[in-house]
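I opened my notebook for a quick look at how the helices and strands fit together. Here is what I looked up, in the order I went.

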Amino acid sequence: EKNNRISDEDRAEMKEKMDDAIDDLFFRTIVGVATLPLAASDFFSEHMLQKTARKGEKVDFKRSNYKKLANFMKAMEKDEVLALKQRKDGPVITGINRGHPVVQDYEQRAKHAKLRGGGDKKN
């Protein structure tokens with residue numbers, strides 16, 4: 001008899017999927033950011049969430065391995081995608097590594113989408 005509880009394996013897979021969704025949304029969003037410094041919380045609420053609102057996507061840090069925005073930002077800094085400055089009210093993005101291979105990949109995708117007239121569509 002199968003119970004309705006979610007297995008640890010399923011839970012781990014769900015977290016992985018949420019991590020992937022957050023990563024994808026982050027990179028799709030970061031390529032359009034021109035003005036820095038930018039508080040990580042503002043980047044999330046004014047930029048990332050704006051993108052999800054248009055597409056009906058849901059991202060939930062609590063359901064990811066990151067657990068919260070600050071941890072995610074630290075991971076992006078560790079991966080040399082961002083430069084951060086820690087402030088009392090949370091991290092501030094002070095730089096974006098446009099030379100990072102993943103950032104370049106998403107910038108190419110954004111360019112192609114614009115050329116096709118697809119605007120903000122995901123490839």
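**Helix packing**

I started with the helices, keeping in mind that this is a predicted model. I found helix α1 (residues 8-30) packing with helix α3 (residues 69-78) at an angle of about 65°, their axes 12 Å apart. Angles of 65 to 115 degrees count as roughly perpendicular, so I noted α1 as roughly perpendicular to α3. I also looked up the handedness, and the crossing of α1 and α3 is right-handed.

Next I wanted to know which residues meet there. From α1 I listed Ile22, Asp23, Phe26 and Phe27, and from α3 their counterparts Phe72, Met73 and Met76. Sorted by class, the contact of α1 with α3 has six nonpolar residues, one charged residue and no polar ones.

**The sheet**

Then I turned to the strands. In what order do the three strands of the open sheet stand? I read off β1-β3-β2, with antiparallel pairing. β1 (38-39) and β2 are at the edges with a single partner strand each, so each has one side without a neighbour in the sheet.

I took the pairs one by one. β2 (residues 82-87) and β3 (residues 90-96) run antiparallel and are joined by six bridges. They form a hairpin, with two residues between the strands. β1 also pairs with β3 in the antiparallel sense, over two bridges.

My last lookup was Ile93 in β3. Leu84 stands opposite Ile93, and Ile93 is also the bridge partner of Leu38. I marked Ile93 as a handy spot to start reading the sheet from, with Leu38 and Leu84 as its partners.

Terms used. Residues numbered from 1 in each chain as written. Predicted model: local features only at pLDDT ≥ 70, side-chain atom pairs only at ≥ 80, totals over all residues. Heavy atoms only, no water. Axes fitted to C-alpha atoms, helices over the stretch in contact; angles between N-to-C directions. Helix = DSSP H or I, 4+ residues; strand = E, 2+ residues; numbered from the N terminus. Parallel < 35°, antiparallel > 145°, perpendicular 65-115°, else oblique. Left-handed = near helix turned anticlockwise from the far one by under 90°. Contact = heavy atoms within 4.5 Å. Nonpolar A, V, L, I, M, F, W, Y, C, P; charged D, E, K, R; others polar. Pairing = 2+ DSSP bridges.
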